[in-house]
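Morning, everyone. I have one structure to walk through today. Please look at the screen.

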Amino acid sequence: MPAHYLRRLTGPQRDQAANRHLGYSLTFIAGAANAGGFLAVGQYTSHMSGIVSGMADALALGNLWMAAAAVVALAAFVGGAATTAVLTNWARLRQLRSQYALSLLLEAALLLVFGMSGAFLATQRELLLPATVVLLCFIMGLQNAIITKISKAEIRTTHVTGLVTDLGIELGKLAYYNRARCSPRQQVRANRDKLGLHLRLLLSFASGGLVGALAFKHLGFSATLPLAAWLTVLAALPVLDDLRAYWAARYMR
């Protein structure tokens, strides 16, 4: 990829096209990590609706351990999103080019940790399985918050329920029959641009899930390595730009 394109994807100067292209990549990665994570721990870690429902069910059945596990998973997702907000605002106040790239780089590092935990998870499953679920939930919250902040909530990478809901709304508008006597202001019109965006994001998540599941099936935990490498490529240039600027300001006066 050309350097200027990568800087445009994750740099501080944003435009709609860059937001969407980054969104497609992150949605694919989220789908792959979510599907691979399910094969590893038996649980989808981006699905907070399911986790909160499971917590309520566990409380109703008197299973306090399961309810506590759901609370910890939810807290990890929230903590991931909060970490993105802290990193982004810290970097923005210092006028760094890497204000969005820092969270991506952290996500890459955590995916590497998840990938390297595979050998230990096989032998210490009871001990490490809960920690792996917490790690994956944190990663999902971290990533979802990145694109949410960048796109001003237009794009979410792990919230497929919202994507499908918006897709259904626009399809309903598209199918609506406007009577001839309706004035232009009364006519129902689908937002075709929004419809296309949500459809592409949905396909990105689904294709990422398929690739992630197949890769995890055949490669095991090492399937996370290409995802971490992809995120590193996306994040590297703004971070390197900041390091060069810091070096020049400190040592080359």
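Let's start in helix 10. Arg 244 and Asp 241 sit three residues apart in that helix, so about one helical turn separates them. Keep in mind that this is a predicted model. The general rule applies here: an α-helix has 3.6 residues a turn, so residues three or four places apart point the same way.

And the two side chains do meet. Arg 244 and Asp 241 form a salt bridge, 2.6 Å from N to O. How exposed is each partner? Arg 244 is partly exposed, because its relative accessibility is 48%. Asp 241 is buried, at 13% relative accessible area. The cut-off for buried is under 20%.

Asp 241 has a second partner. Its side chain also meets Arg 7 in a salt bridge, at 2.8 Å, N to O. Asp 241 belongs to helix 10 and Arg 7 to helix 1, residues 3-10, so this pair ties together parts 234 residues apart in sequence. Arg 7 itself is partly exposed, with a relative accessible area of 32%. Put the contacts together and you get a network of salt bridges linking Arg 7, Asp 241 and Arg 244.

How many salt bridges does the count come to? Six. Let me show you one more of them. In helix 8, residues 160-175, Lys 173 and Glu 170 are three residues apart, so again the spacing is about one helical turn. Their side chains meet at 3.6 Å, N to O. That passes, because the salt-bridge limit is 4 Å. Glu 170 is buried at 3% relative accessibility. Lys 173 is partly exposed at 31%.

Back to helix 10, now as a whole. Is the helix length what we would expect? Let me ask it properly: what should its 28 residues span? At 1.5 Å a residue, they should span 40 Å, and the end C-alpha atoms are 38 Å apart, which agrees. Helix 10 also has a bend. It comes at Ala 236 and is about 45 degrees. A proline, Pro 238, follows within four residues. Several residues of this helix are buried, including Leu 231, Leu 234, Ala 235, Leu 237 and Pro 238. Thr 224 is buried too, as are Asp 241 and Asp 242.

Next, the loop just before. Ser 222 lies between helix 9, residues 192-219, and helix 10, residues 224-251. Ser 222 is partly exposed, because its relative accessibility is 35%. What does its side chain approach? A polar atom of the Ser 222 side chain is 2.8 Å from the backbone oxygen of Leu 219. Ser 222 and Leu 111 are 111 residues apart in sequence, yet 10.0 Å apart in space, C-alpha to C-alpha.

That takes us to the surface. Which residues make the nonpolar patch? Leu 112, Val 113, Met 116 and Leu 225 do, and the patch is about 350 Å². Helix 5, residues 101-116, gives the most to it, with three residues. Met 116 is found in helix 5. Met 116 counts as exposed, because its relative accessible area is 55%, and the cut-off for exposed is over 50%.

Now some buried polar residues. First, Thr 88. Thr 88 is in helix 4, residues 64-93. Its relative accessibility is 1%, so Thr 88 is buried. The Thr 88 side chain reaches the backbone oxygen of Gln 99, at 3.4 Å.

Then Asn 19, in helix 2, residues 16-41. Asn 19 is buried, with 8% relative accessible area. A polar contact of 2.9 Å joins its side chain to that of Arg 14.

Last one, Thr 45. Thr 45 sits in the loop between helix 2 and helix 3, residues 48-60. Buried or exposed? Thr 45 is buried, at 0% relative accessible area. Thr 45 and Leu 240 are 195 residues apart in sequence, and 31 Å apart in space, C-alpha to C-alpha.

To close, one thing to take back to the bench. Asp 241 is buried, and Asp 241 is linked with Arg 7 and Arg 244 in a network of salt bridges. Thanks. Questions, please.

Terms used
Residues are numbered from 1 along each chain as its sequence is written. This is a predicted model: local features need pLDDT of at least 70, side-chain atom pairs count only at pLDDT 80 or more; totals for chains, interfaces and linings use all residues. Side-chain values use heavy atoms; hydrogens and water are left out. Patches are made of residues with over 30% relative accessible area and no salt bridge: like charges are joined within 9 Å, nonpolar side chains (Val, Leu, Ile, Met, Phe, Trp, Tyr) within 5 Å. Accessible areas come from the Shrake-Rupley method with a 1.4 Å probe; for residues, only the protein chains shown count as cover. Helices (H or I, at least four residues) and strands (E, at least two) are DSSP runs, numbered from the N terminus. Buried means under 20% relative accessible area, exposed over 50%, partly exposed in between (1.4 Å probe, protein chains only). A polar contact is a pair of N or O atoms within 3.5 Å; within protein, one must be able to donate a hydrogen and the other to accept it, and residues adjacent in sequence count only if both atoms are side-chain atoms. The expected span of a helix is 1.5 Å times one less than its number of residues. The bend at a residue is the angle between axes fitted to the seven residues ending there and the seven starting there.
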